[in-house]
Amino acid sequence: MSRAAERLKLLINHLERSHTQAAIRAEPTSGQTFTHSHPQQLRYTFDTGLLTPEQRLFYEENGFIHIKNLVSEDDIDKFRWEFERICRQEVKVPGLVVMRDVAIAKSEFIPDQKAVSKIQDFQEDPDLFQYCTLPQILKYVECFTGPNIMAMHTMLINKPPDAGKKTSRHPMHQDLHYFSFRPADRIVCAWTAMEKVNRHNGCLVVLPGTHTGTLQEHDYPEWEGGVNKMYHGVRGYNPQHPRVHLEMEKGDTVFFHPLLIHGSGMNQTQGFRKAISCHYASADCYYIDVKGTTQENIEKEVKEIATRKYAIGDEITLKDTWAIRGRLVQGVRTSL
Ligand SMILES: O=C(O)CCC(=O)C(=O)O
C-alpha cells in the first residue's frame with residue numbers, strides 16, 4: 001500500500017471511530033456479524049473491507065467507480081444469447097418491457113435485435129437475472145447499500161447504429177427521477193459493458209460530483225430527430241461542467257449513484273453497443289409518494305403504460321410498480 005493510501009486508511013479509521021453514533025448494526029448475511037460503519041464525512045460508502053481507501057474517497061467525491069474485468073466472458077455471452085432469443089421471440093418473459101428506437105420503430109417490424117433498443121424488467125428471466133445475483137457484483141453493491149439488497153430495476157441496453165437522427169443518444173439525466181424509494185445514497189446502479197465501449201459507439205458520459213446535488217426537474221428534450229419513450233433529460237444542468245467519457249472493456253463494470261448526472265452518446269458504428277445493468281437498493285429503503293414533486297410527470301407516464309399492460313385501473317402508483325418488480329438478492333427483505 002502506498003504512503004498516501006496508508007494515510008487515507010488512518011484518516012478513515014479515525015473518522016469511523018469518532019462517529020460511532022452513526023454506525024449501523026447489520027444483520028449477519030454470511031454467518032458472520034460485522035458492523036457497517038457510516039461516518040458523516042463518508043456518507044456514500046461503507047467499509048466492508050473491499051474498497052480501498054482511495055476507491056471509497058473517489059466514489060465519495062465523484063459518485064461513480066469503474067471496476068475492470070468484473071464479469072466473465074462466459075457470463076456475458078450467455079446474457080447476449082438470451083437477449084437474442086428474446087428478440088427472435090423464442091422466449092416469452094412475464095413482465096418484460098421491450099423498447100424500440102424511435103427512428104427504427106417506424107420502419108417495418110423485424111423480429112431480431114435490429115428492432116430492439118432496450119429490454120427492461122427481466123426479473124422473471126432466470127438467465128438474465130443471474131447478472132443481478134453475481135457474487136462479485138453484490139460484494140461491491142454492499143459497499144453502497146449495506147447487507148440487505150434488493151434488485152429493483154433491470155435493463156439490457158442494445159444501442160443501435162444511429163439511423164442519422166441522433167436518436168441513439170441518451171439525454172443527460174439522474175436515475176432517481178424514475179424511483180419512488182429513498183434514501184438516494186442507499187441506491188446504486190451496476191452497469192456492465194458487454195463489449196468494448198468508447199466514444200465511437202456511445203459510451204456512458206458522467207458529470208463527476210453531481211451526485212452531491214439534489215434531484216432536478218426532468219422532461220423530454222426538444223430534439224429534432226425525436227426522442228425515445230421514457231428518455232427524460234435533466235433540465236438546466238450546467239453544460240460547462242467537466243465530463244468523463246467512461247471507455248470500458250467487455251466485462252468492466254461501473255457503479256454509480258442515482259443522482260449522478262449521466263447519459264450516453266450517439267452510436268456512430270454499425271454494431272449494436274450492448275450493456276447490462278441493475279439498480280440495487282437497500283431493502284431498508286422506504287417508498288415515497290411523488291405527488292406534488294418533480295416526479296409527477298414520470299409517474300403519470302408509468303401509470304399509463306402499466307394500466308395498458310396489465311389491464312388494471314389507474315389507481316396503481318409508481319410505488320406499486322416498483323414493489324412488484326423488486327427482488328431480494330441478499331440478506332433480509334426488511335422494508336422495500
Ligand atoms: O446505456 C446507456 O446508453 C445509458 C443507459 C442509461 O443511462 C439509462 O437507461 O438510464
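**Figure 1. The end of helix α6 in the predicted model.** Just after α6, Gly146 adopts a positive phi of about 90°. The model shown here and in the other views is predicted. Helix α6 covers residues 135-145, and eight of its eleven residues are buried, so the rest of the structure largely encloses it. The buried set consists of Ile137, Leu138, Tyr140, Val141, Glu142, Cys143, Phe144 and Thr145. Their packing partners are strands: β3 (64-67), β6, β9 (187-193), β14 (253-256), β16 (273-282) and β18 (327-330).

**Figure 2. The largest nonpolar core.** This core holds 71 residues. Val141, Leu156, Val188, Ala190, Val254, Phe255 and Tyr280 have the most contacts inside it. Strand β6 gives the most to this core, with seven residues. Val141 is also one of the buried residues of α6. In soluble globular proteins, nonpolar side chains tend to be buried together. Across the protein, 40% of the 336 residues count as buried.

**Figure 3. Contacts of Phe255.** Phe255 is among the core residues with the most contacts inside the core. Residues up to four places away in sequence are not counted here; beyond them, Phe255 touches Phe64, Ile65, Tyr140, Phe144, Val188, Cys189 and Ala190. Two of these partners, Tyr140 and Phe144, are buried residues of α6. Two others, Val188 and Ala190, are named with Phe255 among the core residues with the most contacts. The wider fold has eight helices and 18 strands. Among contacts between residues at least 6 apart in sequence, 81% join residues at least 24 apart.

**Figure 4. The shell around the ligand.** Met155, Ile157, Lys159, His170, Asp175, His262, Ser264 and Ala275 surround the ligand. By type, three are nonpolar, three polar and two charged. Strands β6 (149-159) and β15 (262-264) each supply at least two residues of the shell. The most comes from β6, with three residues. Strand β6 also gives the most to the largest nonpolar core.

**Figure 5. Gln174 in the loop between β7 and β8.** Gln174 lies in the loop that links β7 (170-173) to β8. Is Gln174 buried or exposed? Gln174 counts as buried, with 26 C-beta neighbours inside 10 Å; the cut-off for burial is 20 or more. Leaving aside neighbours within four places in sequence, its contacts are Leu215, Gln216, Val234, Pro258, Leu259, Leu260 and Ile261. Gln174 and Val234 are 60 residues apart in sequence, yet their C-alpha atoms are 6.9 Å apart in space.

**Figure 6. A cis peptide bond before Pro183.** The bond joining Arg182 and Pro183 is cis, with omega of about 0°. Pro183 sits in the loop between β8 (181-182) and β9. Most peptide bonds are trans, and most residues other than glycine have a negative phi.

**Figure 7. Positive phi at Asn69 and Asp121.** Asn69 is not a glycine, but its phi is positive, at about 55°. Asn69 is placed in the loop between β3 and α3 (73-87). With 13 other C-beta atoms within 10 Å, Asn69 is partly exposed. Asp121, also a residue other than glycine, has a positive phi near 65°. Asp121 is found in the loop between β5 (118-120) and α5 (126-129). Asp121 has 18 C-beta neighbours inside 10 Å and counts as partly exposed.

Conventions. Residues numbered from 1 in each chain as written. Predicted model: local features only at pLDDT ≥ 70, side-chain atom pairs only at ≥ 80, totals over all residues. Near = placed C-beta within 6 Å. Helix = DSSP H or I, 4+ residues; strand = E, 2+ residues; numbered from the N terminus. Nonpolar A, V, L, I, M, F, W, Y, C, P; charged D, E, K, R; others polar. Buried ≥ 20, exposed ≤ 12 C-beta atoms within 10 Å, placed from the backbone. Contact = placed C-beta atoms within 7 Å. Core = buried A, V, L, I, M, F, W, Y, C linked by C-beta atoms within 7 Å.
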